[in-house]
Amino acid sequence: MTALNETAPDFSLPATDATMHGPGGSAATVIVFTCNHCPYAIAWHERLIDLARDYADRDVRVLAVNPNDADSHPRDSFEAMTARVANGEFDGTPYLRDESQEVARAYEAQTTPHVFVLDRDRVVRYRGAPDGDYDDPNERAGFVRDALDSVLAGEEPKSAETPPVGCSIKWKP
């Protein structure tokens, strides 16, 4: 897995609006491997979008990346992603397609969602679940917020890793 305190792989992936996005260039970047069909990703979705809104003025970027095989899971197709964005479900957060699954493999992402927090230098400072309970909106993506607050303060996160919780990534055969 992309090791804590090591530089994360760089990438450039297309968003639903055809713009290209990658990590870096901000005080912190949150990469969320997610998808359209997983109940865990759906449960955590609003919390992560709220986090993106709350930290936008603190030079934090949130990139949602869908790596799932759309042939086996059509709800994760680029067209379905585009429909969700058009429906306002991502509120300015770029929703990226990892069609080749190379980025998910490089990060060794395991689940949807699987979150990585990178500092300004693309060093991994946190990886794991958004918070401790997908079923409790009051958790507010607390693990990620704590990691971001530490990174933005120039400190090491109190908890740098938690087990990812969610649906397994749907790998291509």
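A cavity is a set of points, on a 1 Å grid over the protein atoms alone, where a 1.4 Å probe fits but cannot get out. Its volume is the space filled by probe spheres set on the points, with grid points joined across faces, edges and corners.

The model is predicted: local features need pLDDT of at least 70, side-chain atom pairs count only at pLDDT 80 or more, and totals for chains, interfaces and linings use all residues. Residues are numbered from 1 along each chain as its sequence is written, and side-chain values use heavy atoms, leaving out hydrogens and water.

**Exercise 1.** Describe the largest cavity and its lining.

Step 1. The whole structure holds 1 cavity of 30 Å³ or more. About 80 Å³ of space lies in the largest cavity.

Step 2. List the lining (residues with an atom within 4 Å of a point). Val32, Ala41, His45 and Phe90 are among them.

Step 3. Assign elements, taken as DSSP runs numbered from the N terminus: helices (H or I, at least four residues) and strands (E, at least two). α1 (39–55) and β4 (60–66) each give at least two lining residues. α1 has the largest share, 4 residues.

**Exercise 2.** Place Asp59 and Ala141, and state whether each is buried or exposed.

Step 1. Asp59, not a glycine, has a positive phi of about 65 degrees. Asp59 sits in the loop between α1 and β4.

Step 2. Ala141 has a positive phi of about 60 degrees. Its loop runs between β8 (124–128) and α4 (142–152).

Step 3. Apply the cut-offs for relative accessible area: buried under 20%, exposed over 50%, partly exposed in between (1.4 Å probe, protein chains only). Asp59, at 35%, is partly exposed. Ala141, at 0%, is buried.

Definitions and conventions
On a 1 Å grid over the protein atoms alone, a cavity is a set of points where a 1.4 Å probe fits but cannot get out, and a pocket is an open set with protein on both sides within 12 Å along at least five of seven lines; lining residues have an atom within 4 Å of a point.
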